[in-house]
Amino acid sequence: MTDIAAQTAFGDAPDDLVSAFQIEGLPVRGRAVRLGAAVDEVLTRHDYPEPVANLLGEACALAALVGSSLKFEGRLIVQAQGDGPVRYVVVDYDTTGALRGYCRFDPQEVAAASEGFARPGARTLLGGGTFVMTVDQGPDMDRYQGITPIEGETLALCAEQYFAQSEQTPTRVRLAVGQADSGEGLKWRAGGILIQAIAGDESRGETKEAWTHVQALFETTGEEELIDPTVPTTTLLWRLFNEDGVRLLEEKPLRAFCRCSEDRIGAVLGSFTAEEVAEMIEPDGKIHVTCEYCSRVYALEPTGAAS
């Protein structure tokens, strides 16, 4: 554990990290995430309009915040789908810190929905639909899935509603996405912070007053602070919670990584009939498959072996 009081100086602010923290003496824990190169890679793999890129960036930050709490090797999938201009957004986080994400959308509908809005939110872009978080503990374990309706205008509000309904855990979430120049031109950045109340017991007593107090401090978080390349997580947490004290528990690195491979694509082709495979063959005699996450194009022989 690290005492944040000694680490509040401005300077190099490491990116692509998710950090767990504890408010000293209070039954409140949390996590904060800073995404730089990792989220820029995810968002620039496709030619997303700015509102769609913002939505996907928020989903990346949210997946890191929630997924980093998993105590086993596995994956967390954050997904929202609806009948709006964005058909769905999905981000896949695994406990090695790998992130990948994708949005499917209608460009014309997104442009129309963006008229008059500085940044249309999740409810505007997704319309009526569902917000889903899925925990995958591997092939030998059942998946756990929680589903709530999309009612909040932001993914942060969707997540808060999810925790309230599915886990009965008081939770607050703040997410931010934007572009900043750190000397290499404009790059996408994302950040977020999550706090949760720890259930009261005989030793802690009533926790409601402490939760109200910490929420009031949490409300002062500015979106610009969450994505500022000069503000380390330690500085942000100290600004928010120095009145009570805050302790950094652990940090986990994050990276953009796609699990697609020639073998995986070949295995999928192997599930089709010979007639279906024949229909997929293009003039060069091969089957071309593009990964929807990372946009890598695979050229495979009809047998499923990569070229």
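**View 1. Arg34, a buried arginine with a partner in a loop.** In this predicted model, Arg34 is tucked away, with a relative accessible area of just 4%, so it counts as buried. Which residue does Arg34 form a salt bridge with? The partner is Asp15, and the closest N and O atoms of the two are 2.8 Å apart. This pair ties together distant parts of the chain: Arg34 belongs to strand S3 (residues 28-35), while Asp15 sits in the loop between strand S1 (2-3) and strand S2 (17-23), 19 residues apart. Asp15 is partly exposed, at 29% relative accessibility. If you'd like to hunt for others like it, a search of the whole structure turns up 16 salt bridges.

**View 2. Glu109 and Arg87, a helix joined to a strand.** Here the side chains of Glu109 and Arg87 meet in a salt bridge, at 3.0 Å from N to O. Once again distant parts of the chain are linked: Glu109 is in helix H3 (residues 107-114) and Arg87 is in strand S5 (residues 86-94), 22 residues apart. Are these two buried, exposed or partly exposed? Glu109 counts as partly exposed at 33% relative accessibility, and Arg87 counts as partly exposed too, at 31%.

**View 3. Arg100 and Asp92, part of a charged network.** The side chains of Arg100 and Asp92 form a salt bridge, 3.6 Å from N to O. Arg100 has 11% relative accessibility and so counts as buried; Asp92, at 2%, is buried as well. The story doesn't stop with this pair: salt bridges that share partners pull Arg75, Asp92, Asp94, Arg100, Asp136, Arg143 and Arg259 into one network.

**View 4. A six-stranded open sheet and a helix lying across it.** Follow the strands of this open sheet and you'll read the order S8-S7-S4-S5-S6-S12, with mixed pairing. Which strands are at the edges? They are strand S8 (144-149) and strand S12 (255-256), each pairing on one side only. At the S12 end, strand S6 (residues 98-105) pairs with S12 in the parallel sense over 2 bridges. One spot to look for is Ala98, whose bridge partner in S12 is Arg255. Over at S8, helix H5 (residues 155-167) lies across both strand S7 (129-136) and S8, and runs at about 120° to S8.

**View 5. Helix H9, with a buried face and an exposed one.** Which residues of helix H9 (residues 262-269) are buried? They are Ile265, Gly266 and Leu269. Look down the axis of H9 and these buried residues fall within an arc of 100°, so they line one face of the helix. As background, an α-helix has 3.6 residues a turn, so residues three or four places apart point the same way. The buried residues of H9 pack against helix H10 (274-280), strand S13 (287-290) and strand S14 (297-300). On the face turned away from that buried side, you'll find the exposed residues Asp263 and Ala267.

**View 6. His46 and the residues it touches.** You'll find His46 in the loop between helix H1 (37-44) and helix H2 (50-67). Leaving aside residues up to four places away in sequence, His46 touches Tyr102, Glu292, Tyr293 and Ser295. With which side chain does His46 share a polar contact? That would be Ser295, at 3.4 Å.

Definitions and conventions. Residues are numbered from 1 along each chain as its sequence is written. This is a predicted model: local features need pLDDT of at least 70, side-chain atom pairs count only at pLDDT 80 or more; totals for chains, interfaces and linings use all residues. Side-chain values use heavy atoms; hydrogens and water are left out. Buried means under 20% relative accessible area, exposed over 50%, partly exposed in between (1.4 Å probe, protein chains only). Helices (H or I, at least four residues) and strands (E, at least two) are DSSP runs, numbered from the N terminus. The arc is that of the directions from the helix axis to the C-beta atoms. Contact means heavy atoms within 4.5 Å. A salt bridge is a side-chain nitrogen of Lys or Arg within 4 Å of a carboxyl oxygen of Asp or Glu. Two strands pair if DSSP finds at least two bridges between them. Axes are lines fitted to C-alpha atoms, for helices over the stretch in contact, and angles run from 0 to 180 degrees between N-to-C directions. A polar contact is a pair of N or O atoms within 3.5 Å; within protein, one must be able to donate a hydrogen and the other to accept it, and residues adjacent in sequence count only if both atoms are side-chain atoms.
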